[in-house]
Amino acid sequence: MKQITAIIKPFKLEEVREALAECGATGLTVTEVKGFGRQKGHTELYRGAEYVVDFLPKVKVEVVVKTEDLDRCVEAIIKAAYTGKIGDGKIFVTSVERVVRIRTGEQDESAV
């Protein structure tokens, strides 16, 4: 099993969720986060004063999938989150050693 963590633009969340549902992902976790990469933030004007926004709002989507579904899910996220502009985000893939469903005690793939 693999965990996919995608950092995306907030307005792309619904498209990514739909794309993962089409890939067969049965559940995911979404967290509102702030950060920056190559964008390095930006400058805004508020009541005549200029200030720097260092951390930009992003959404972190986490989903655990079967290893055989990994490539399909990653491609679906890329297609759904793509805008072609800087700040589209990143995808991280890590191995999952064990999963336990607390309510039933199911483990590993039957718990996903």
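# Working through a predicted fold

Strand β1 (residues 2–8) runs antiparallel to strand β5 (residues 56–65), and seven bridges hold the pairing. Keep in mind that this is a predicted model. The exercises below start from that pair of strands and work outward.

## Exercise 1: Residues across from each other

**Task.** Find which residues of β5 stand opposite Gln 3 and Ile 7, and which is the bridge partner of Ala 6.

**Solution.** Start at Gln 3: across from it in β5 stands Val 64. Now move along to Ala 6, whose bridge partner in β5 is Val 61. One more step takes you to Ile 7, which stands opposite Lys 60 in β5. See how the β5 numbers fall while the β1 numbers rise? That goes with the antiparallel sense of the pair.

## Exercise 2: Building the sheet

**Task.** Work out the order in which the four strands form the open sheet, and say which strands are at the edges.

**Solution.** First, take β1 again: it also pairs with β6, in the antiparallel sense, over seven bridges. One contact point on that side is Thr 5, whose bridge partner in β6 is Phe 92.

Next, look at β5. Seven bridges join it to β2, and these two strands run antiparallel. Here Thr 31 stands opposite Lys 60 in β5. You've met Lys 60 already, as the residue opposite Ile 7.

Put the pairs together and you get the order β2-β5-β1-β6, an open sheet with antiparallel pairing. The edge strands are β2 and β6, since each of them pairs on one side only. From one strand to the next, the twist averages 20°. As background, strands of a sheet pair through backbone hydrogen bonds, either parallel or antiparallel.

## Exercise 3: Placing the helices

**Task.** Say which strands each helix lies across.

**Solution.** Begin with helix α1 (residues 13–22). This helix lies across β1, β2 and β5, at about 10° to β5. Then go to helix α2 (residues 70–81), which lies across β1, β5 and β6 and runs at about 5° to β1.

## Exercise 4: The chain as a whole

**Task.** List the elements from the N terminus on, then decide whether the chain is compact or spread out.

**Solution.** Count first: the chain has two helices and six strands. Read from the N terminus, they run β-α-β-β-β-β-α-β. Now compare sizes. The radius of gyration is 17 Å, while the globule rule gives 13 Å for 112 residues, so the chain is more spread out than a compact globule. For a feel of the outline, the C-alpha atoms fill a box of roughly 60 × 30 × 20 Å along the principal axes.

## Exercise 5: Around Phe 55

**Task.** Locate Phe 55 and name the residues it touches, leaving out those up to four places away in sequence.

**Solution.** Phe 55 is in the loop between β4 (49–53) and β5. With those sequence neighbours set aside, Phe 55 touches Lys 34, Gly 35 and Phe 36. For a distance check, try Ile 91: it is 36 residues away along the chain, and the two C-alpha atoms are 19 Å apart.

## Exercise 6: The largest pocket

**Task.** Describe the largest pocket: how much space lies in it, and what lines it?

**Solution.** The space comes to about 310 Å³. Of the 14 lining residues, Phe 36, Gly 37, Arg 38, Gly 89 and Lys 90 are closest to the centre. The elements giving two or more residues are β2 (29–35) and β6 (89–95), and β2 gives the most, with three. Sorted by class, the lining has four nonpolar, five polar and five charged residues.

Technical notes: Residues numbered from 1 in each chain as written. Predicted model: local features only at pLDDT ≥ 70, side-chain atom pairs only at ≥ 80, totals over all residues. Heavy atoms only, no water. 1 Å grid on protein atoms, 1.4 Å probe; cavity = no way out; pocket = protein on both sides within 12 Å on 5 of 7 lines; lining within 4 Å. Points joined across faces, edges and corners; volume = space filled by probe spheres on them. Nonpolar A, V, L, I, M, F, W, Y, C, P; charged D, E, K, R; others polar. Pairing = 2+ DSSP bridges. Axes fitted to C-alpha atoms, helices over the stretch in contact; angles between N-to-C directions. Contact = heavy atoms within 4.5 Å. Rg over C-alpha atoms; globule rule 2.2 N^0.38 Å.
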